[in-house]
Amino acid sequence: MSFLVTTVITTYRRRPEIVRRALNSIVNQTYNSLEIIVVNDAPEEHKLVEELRELCSELNTKKNIKYVVMKKNSGACAARNKAIEFACGDCIAFLDDDDEWLPKKIELQVKELEDNPKCALVYCNSILYFEGKEKKEKMFNDMMPMGYIYKNLMAENIIGSCSYPLFRMSCLREIGGFREDMPALQDWELYLRLLKYHEARYVHEPLAVYHFYEGERISGNTSKRTEAYEKIRIELQDDLEKERKTASDFFIKGCYFYSLNNEPFKAVQYYYKSVINNPLKFKRNILEALKIIKRIFIKPKIY
């Protein structure tokens, strides 16, 4: 069986040479049964619209590339959902316009989906590249959980960027795709809904490159992250009440987000909830208390 894989780049005001890097990393995949969609979410940038159209036309000689321009700027989730509407694939993978894939990514992830019919998502290790520092490191050092990993995901986003997974299309459409009202943490929220009732698999080999750079990322907007965290907390409320140790780890994430957003009172509230749910985790609780103090008085650099 050979799956058709839809690959998607959503882009917003990104320089054409950076988009070219991402697009080339799809074109150069060892897996050949690909559909490529590029969605431009900056229709008001007329020059850029045409430059990206030319880029897609140029690379169209190697692979069939569909170029879609949104009617108005609608955000990454709306752009991804638009791609899902157009997609013909059995599977789908999303690549952020400033990241890239290594050549065997799709090939190895498709094999996992083919071998595991209950699996809705295959994630992978990745290389974190720090622009300007010439520094590279792997995202994960150890083997990651597989199967029903919903509880692991409730504690934190262990999958990472949306550039990493390969999704089974039927499962993604079943949950309605991305929530367009999420101001941040869109990938974590999607994984939670998708994997509450489905399995996940993992490829330990690094298959993607995630670029840290000097510039604006949505993850750097701390107020949007606290707003998104609260939306996820409401979604998970019933499950958190049943899993106290998992809830403790989830509330530590809230403490982290609020301390970065310079809201010490809310940070302490979530720290208290975390400790109450798992008071015997002495070392973690002490370390997190020290981290709260450090974040409040020494604001770290956020990418």
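Student: Let's start near the beginning: where is the place of Arg 13?
Tutor: This is a predicted model, where local features need pLDDT of at least 70, side-chain atom pairs count only at pLDDT 80 or more, and totals for chains, interfaces and linings use all residues. Residues are numbered from 1 along each chain as its sequence is written, and side-chain values use heavy atoms, with hydrogens and water left out. Helices (H or I, at least four residues) and strands (E, at least two) are DSSP runs, numbered from the N terminus. In those terms, Arg 13 sits in the loop between strand E1 (5-11) and helix H1 (16-27).

Student: What is the phi of Arg 13, roughly?
Tutor: Start with its surroundings: Arg 13 has a relative accessible area of 47%, so it is partly exposed (buried is under 20%, exposed over 50%, partly exposed in between, using a 1.4 Å probe and protein chains only). Although Arg 13 is not a glycine, its phi is positive, at about 55°.

Student: And Asn 262: what is its phi near?
Tutor: Asn 262 lies in the loop between helix H9 (244-260) and H10. Its relative accessibility is 56%, so Asn 262 counts as exposed. Here too a residue other than glycine takes a positive phi, near 60°.

Student: Which cysteine has the sulfur nearest to that of Cys 77?
Tutor: A disulfide needs a pair of cysteine sulfur atoms within 2.5 Å, and the structure holds zero of them. Cys 77 is in no disulfide, its nearest cysteine sulfur being 8.2 Å away. Cys 77 counts as buried because its relative accessibility is 4%. The sulfur in question belongs to Cys 162.

Student: How far away is the nearest cysteine sulfur for Cys 88?
Tutor: Cys 88 is in no disulfide either. Its nearest cysteine sulfur is that of Cys 91, at 13 Å.

Student: Is Phe 178 buried or exposed?
Tutor: Phe 178 is in the loop between helix H6 (169-174) and helix H7 (186-195). Leaving aside neighbours within four places in sequence, its contacts (heavy atoms within 4.5 Å) include Cys 77, Cys 162, Ile 84, Phe 94 and Leu 190. With a relative accessible area of 4%, Phe 178 is buried.

Student: How far apart in space are Phe 178 and Pro 165?
Tutor: In sequence, the two are 13 residues apart. C-alpha to C-alpha, the spacing of Phe 178 and Pro 165 is 14 Å.

Student: Within what arc do the buried residues of H4 fall?
Tutor: The buried residues of helix H4 (residues 105-115) include Lys 105, Ile 106, Gln 109, Val 110 and Leu 113. Take the directions from the helix axis to the C-beta atoms. Seen down the axis of H4, the buried residues line one face of the helix because they fall within an arc of 110°.

Student: How many salt bridges does the count come to?
Tutor: The rule asks for a side-chain nitrogen of Lys or Arg within 4 Å of a carboxyl oxygen of Asp or Glu. Glu 17 and Arg 15 make one of these pairs, with the closest N and O atoms 2.7 Å apart. Arg 179, Asp 181, Lys 231 and Glu 235 are linked in a network. The count comes to 22.

Student: Which residue forms a salt bridge with Lys 281?
Tutor: The closest N and O atoms of this pair are 3.4 Å apart. The pair links distant parts of the chain, 32 residues apart, from the loop between H10 and H11 to helix H9. Lys 281 counts as partly exposed at 33% relative accessibility. Its partner is Asp 249.

Student: How many helical turns, about, separate Glu 288 and Lys 291?
Tutor: These two form a salt bridge, with the closest N and O atoms 3.5 Å apart. Glu 288 counts as buried at 10% relative accessibility, whereas Lys 291 counts as partly exposed at 39%. Glu 288 and Lys 291 are three residues apart in helix H11, so the separation is about one helical turn.

Student: Is Asn 285 buried or exposed?
Tutor: Asn 285 is in helix H11. Leaving aside neighbours within four places in sequence, it is in contact with Tyr 271, Val 275, Asn 278 and Pro 279. With a relative accessible area of 5%, Asn 285 is buried.
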